[in-house]
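Trainee: Could we walk through this model together? I'd like to know what stands behind each label.

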Amino acid sequence: MAPRQPEYHLSDPEKGFNSKVQNDDPQWHAMSKENVCGVLGLSADIRRNGLTTAQALKRLEEYGPNKLSEKDQITLLQRIWKQVNNVLVGILVFVAVVSLIKGIISSGEDRLTNFIEVGLI
């Protein structure tokens, strides 16, 4: 089998550009035809003759259908939480709540000013 090369997450900023993928699957793209046939238990003339129906059914049971796995969908609430899950946002929300309470308690022009502050925060 061909030596394994490290894979990197180039499109996932959370994992970082230099983080290695932990994957125990064979590196099919880096293997020769003979190695692939050996790993899958196929004869050398498989490209000419193909699989029998029995072999195909056995492989379907063993490996499942030839279908790409779907990525978990991120809900709208998860996206919002990801954006606001931050210490600075928490501080801003706290200041907004304090200003709102101060605006409710106060009277006159200070009240209007406090509500404007809440709107700006």
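**Surface, helices and a pocket**

Mentor: Gladly! The protein exposes about 11000 Å², and carbon and sulfur atoms supply 59% of that area; such areas come from the Shrake-Rupley method with a 1.4 Å probe. This is a predicted model, where local features need pLDDT of at least 70 and side-chain atom pairs count only at 80 or more, while totals for chains, interfaces and linings use all residues. Residues are numbered from 1 along each chain as its sequence is written, and side-chain values use heavy atoms, leaving out hydrogens and water.

Trainee: Why is S99 called buried or exposed?

Mentor: Buried means under 20% relative accessible area, exposed over 50%, and partly exposed in between (1.4 Å probe, protein chains only). S99 has 7% relative accessibility, so S99 counts as buried. Of the 121 residues of the protein, 10% count as buried.

Trainee: What is S99 in contact with, leaving aside neighbours within four places in sequence?

Mentor: S99 is in contact with N114, E117, V118 and I121, where contact means heavy atoms within 4.5 Å. S99 itself is found in helix α5 (residues 87-105).

Trainee: How many helices and strands does the protein have?

Mentor: There are 6 helices and 0 strands. Helices (H or I, at least four residues) and strands (E, at least two) are DSSP runs, numbered from the N terminus.

Trainee: What makes the lining of the largest pocket 4 nonpolar, 2 polar and 1 charged residues?

Mentor: The lining is L40, R59, L60, Y63, G64, P65 and N66. Ala, Val, Leu, Ile, Met, Phe, Trp, Tyr, Cys and Pro count as nonpolar, Asp, Glu, Lys and Arg as charged, and the others, Gly among them, as polar. Lining residues have an atom within 4 Å of a point of the pocket, an open set on a 1 Å grid over the protein atoms alone, where a 1.4 Å probe fits, with protein on both sides within 12 Å along at least five of seven lines.
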